[in-house]
Amino acid sequence: MVATRERRRQETTDAILRSARTHLERAGVEGVTLRAVARDLDIAVSALYRYVDGRDDLLTELLVEAFTEHADAVDAAVDASLATDPDDLAAAVTAGLRAYRGWSVAHPAQFGLAFGAPVPGYHAPADRTVAVAVRPGSRIMGLFATAYERGLVDEDVVTARASTLDDGTAAGFDALAARQSYPLPAPAIALAVDAFVRVHGFTVMEVFGQLRPLVMPADAYYEALLREIVATLGLRA
């Protein structure tokens, strides 16, 4: 009896989230309302509070789902690349960064919720969102760290980046390396951050339509950008 009740509760919760996601995809975050979800499920708005604590709770669930799917897409691409050739870390980095953009372009509403303008009055709970949000960046940084340890990163590239790195930023990157146990000097972390900023910036511009007047179609441009990023990182296959 208890198992049946729990199963039904989970089924209803899943239906609520499916409805909320549908409204997010159709109308953006403004379309995600308790009234709209209750109408889809043919229940009273008050009944939703048995399953969610309110609209903010719905948004948090959608946000966690978006971050998780995004990270899973990056992980799947990296894993597939490593399964093909575990020693070609440049290819794995490229695959991960390609998937970062690919998922985002395919899911603009979810990407917008995760990385777009803040939702008025909503504050994402850090304990639910931060760890999953940083998974893609952490996976790529981990690959780069492994490449560095294996001697697959051109030291001349790292030295050149060191010459442009100010002391304050270097100290911040050293702290990041210590906090995350990255076996990387500050200039190497700077190279990885540079790459991620370019990838994320491109993706944001494309998803939000800001790239369209400049580059159309974007696929070939992005592939060229990935090749340049791998070269800028000093990664050797």
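Start by selecting E228 and R198, whose side chains meet in a salt bridge with an N to O distance of 3.1 Å. Because E228 lies in helix 12 and R198 in helix 11, the pair ties together parts that are 30 residues apart in sequence. Keep in mind that what you have open is a predicted model. If you colour by accessibility, E228 is partly exposed, with a relative accessible area of 42%, and R198 is partly exposed as well, at 31%.

Next, select D72, D75, D79, R135 and R139, which are joined into one network by salt bridges that share partners. Within this group, show the side chains of D72 and R135, which meet in a salt bridge at 2.8 Å, N to O. D72 lies in helix 4 and R135 in helix 8, so this pair ties together parts that are 63 residues apart in sequence. D72 has a relative accessible area of 37% and is partly exposed, while R135, at 28%, also counts as partly exposed.

Now move to R101 and E206, where the side chains meet in a salt bridge of 2.7 Å, N to O. Since R101 lies in helix 5 and E206 in helix 11, the pair ties together parts that are 105 residues apart in sequence. Are these two residues buried or exposed? Both R101 and E206 are buried. In total, 14 salt bridges are counted in the model.

From R101, extend the selection to the whole of helix 5, residues 89-106. This helix has 18 residues and reaches 25 Å from its first C-alpha to its last, close to the 26 Å expected at 1.5 Å a residue. Helix 5 is mostly covered, with 13 of its 18 residues buried. Confidence in the chain is highest here, at a mean of 98, and lowest in helix 1 (residues 2-27), at a mean of 90; over the whole chain the mean pLDDT is 94, and 99% of residues reach 70 or more.

Then turn to the largest nonpolar core, which has 43 residues, and select L97, F144, L184, L233 and L235, the residues with the most contacts inside it. Helices 4, 5, 8, 10, 11 and 12 each supply at least two residues of this core, and the largest share, 9 residues, comes from helix 11. Centre the view on L235 and display its neighbours: leaving aside residues up to four places away in sequence, L235 touches A90, V93, F144, A147, L152, V153 and V230.

Finish with another core, lying apart from that one, which has 20 residues, including I16, V52, L58 and V132.

Terms used. Residues numbered from 1 in each chain as written. Predicted model: local features only at pLDDT ≥ 70, side-chain atom pairs only at ≥ 80, totals over all residues. Heavy atoms only, no water. Core = buried A, V, L, I, M, F, W, Y, C linked by side-chain atoms within 4.5 Å. Buried < 20%, exposed > 50% of the residue type's maximum accessible area, 1.4 Å probe, protein only. Helix = DSSP H or I, 4+ residues; strand = E, 2+ residues; numbered from the N terminus. Contact = heavy atoms within 4.5 Å. pLDDT = per-residue confidence, 0-100. Expected span 1.5 Å × (residues − 1). Salt bridge = Lys/Arg side-chain N within 4 Å of Asp/Glu carboxyl O.
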